[in-house]
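Reader: I've got a fold on my screen and some questions about its rings, sheet and cysteines. Can you walk me through it?

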Amino acid sequence: SRLVLEFIEVLNQQEISKMLNFLSADCIFEAAEPAPHGTVYRGKEVIGQAWQQTFAQKEQLHFEIEQLFGMGNRCVVCYRLKWLDAQREQKTLRGVEIFKIKEGFIVEQLSYVKSEVF
């Protein structure tokens, strides 16, 4: 989905105010951590705060899309995530994001990862 591609582009720029423009007011973001069930954030303002905290903890965070495909109102993104940790060491993980789109907005984002280091 073009919407998800644009969202990831502004996410990689760490433009939280622009990221929020892609979300519905009642959007749900289910983060991958803490394992095994993650944390559920509800509402775009709360989601923005969660992303702000993530950007503060993971310097130079960057999503590299490996695959992207859509199925109806869902978009699935397989990705590689890279960032610098507090010691400025390069970290990486692979994961999947499942987006639900409704009326031109992201209404749900579910995160799954193949790592314990995130």
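Author: Sure, and keep in mind that this is a predicted model. Let's start with F63 and its contacts.

Reader: OK, which tryptophan does F63 touch, leaving out residues up to four places away in sequence?

Author: With those sequence neighbours left out, the contacts of F63 include I8, L11 and N12, and also Y79, R80, L81 and E97. None of those is a tryptophan, but one more name is on the list of residues that F63 touches: W51.

Reader: Which residues do ring pairs link into a cluster?

Author: F63 and W51 are both in it. F29 and Y41 belong to the cluster too. With the remaining two members added, ring pairs link F29, Y41, W51, F63, F55 and Y79.

Reader: How many aromatic pairs does the structure hold, and how is the one between F7 and F99 arranged?

Author: The structure holds 7 aromatic pairs. In the one made by F7 and F99, the centres are 5.9 Å apart and the planes make 75°. Planes over 60 degrees apart count as edge-to-face, so the F7 and F99 pair is edge-to-face.

Reader: How many residues apart are F7 and F99 in the chain?

Author: F7 sits in helix α1, residues 2-12. F99 is in strand β5, residues 90-102, and the pair links distant parts of the chain. The separation is 92 residues.

Reader: Is F7 buried or exposed, and what about F99?

Author: The cut-off for buried is under 20% relative accessible area. F7 comes out at 1% relative accessibility, so F7 is buried. F99 also has 1%, so F99 counts as buried.

Reader: Now F29 and Y41: why is that pair called stacked?

Author: Their ring centres are 6.0 Å apart. Planes under 30 degrees apart count as stacked. The planes of F29 and Y41 are at 20°, so the pair is stacked.

Reader: Which strands do F29 and Y41 come from, and is each one buried or partly exposed?

Author: F29 is in strand β1 (residues 23-30), and Y41 is in strand β2 (residues 40-42), 12 residues apart. F29 has 7% relative accessibility, so F29 is buried. Y41 has 23%, so Y41 is partly exposed.

Reader: What is the strand order in the sheet, and which strands are at the edges?

Author: The sheet is open, has 6 strands and shows mixed pairing. Its order is β2-β1-β6-β5-β4-β3, and the twist averages 20° from one strand to the next. The strands that pair on one side only, and so make the edges, are β2 and β3.

Reader: In what sense do β1 and β6 pair, and which residue does F29 stand opposite?

Author: Strand β6 covers residues 105-113, and 4 bridges connect it with β1 in the parallel sense. In β6, the residue opposite F29 is Q109.

Reader: What angle does helix α3 make with β1?

Author: Helix α3 (residues 44-57) packs on the sheet, touching β1, β2, β3, β4 and β6. Its direction and that of β1 make about 50°.

Reader: Which element gives the largest share of the largest nonpolar core?

Author: That core has 28 residues, and F7, M19, W51, F63, F99 and I106 touch the most other members. Elements giving two or more residues include α2, β1, α3 and β3. The largest share, 6 residues, comes from α1.

Reader: How many disulfides are there, and how far is C27 from the nearest cysteine sulfur?

Author: The structure holds 0 disulfides. C27 has a relative accessible area of 1%, so C27 is buried. The nearest cysteine sulfur to C27 is that of C75, and the distance is 14 Å.

Reader: And which cysteine sulfur is nearest to C75?

Author: C75 is in no disulfide either. With a relative accessible area of 1%, C75 is buried. At 10 Å, the nearest cysteine sulfur is that of C78.

Reader: Where is the cis peptide bond, and which residues have a positive phi without being glycine?

Author: Most residues other than glycine have a negative phi, and most peptide bonds are trans. The cis bond, with omega of about 0°, joins E33 and P34, and P34 lies in the loop between β1 and β2. Phi is near 55° in Q14, in the loop between α1 and α2. In strand β3, a positive phi of about 60° belongs to Q60.

How values were computed
Residues are numbered from 1 along each chain as its sequence is written. This is a predicted model: local features need pLDDT of at least 70, side-chain atom pairs count only at pLDDT 80 or more; totals for chains, interfaces and linings use all residues. Side-chain values use heavy atoms; hydrogens and water are left out. Rings of Phe, Tyr and Trp (its six-membered ring) pair if their centres lie within 6.5 Å; planes under 30 degrees apart count as stacked, over 60 as edge-to-face and the rest as tilted. Helices (H or I, at least four residues) and strands (E, at least two) are DSSP runs, numbered from the N terminus. Buried means under 20% relative accessible area, exposed over 50%, partly exposed in between (1.4 Å probe, protein chains only). Two strands pair if DSSP finds at least two bridges between them. Axes are lines fitted to C-alpha atoms, for helices over the stretch in contact, and angles run from 0 to 180 degrees between N-to-C directions. Contact means heavy atoms within 4.5 Å. A disulfide is a pair of cysteine sulfur atoms within 2.5 Å. A nonpolar core is a set of buried Ala, Val, Leu, Ile, Met, Phe, Trp, Tyr and Cys residues joined through side-chain atoms within 4.5 Å.
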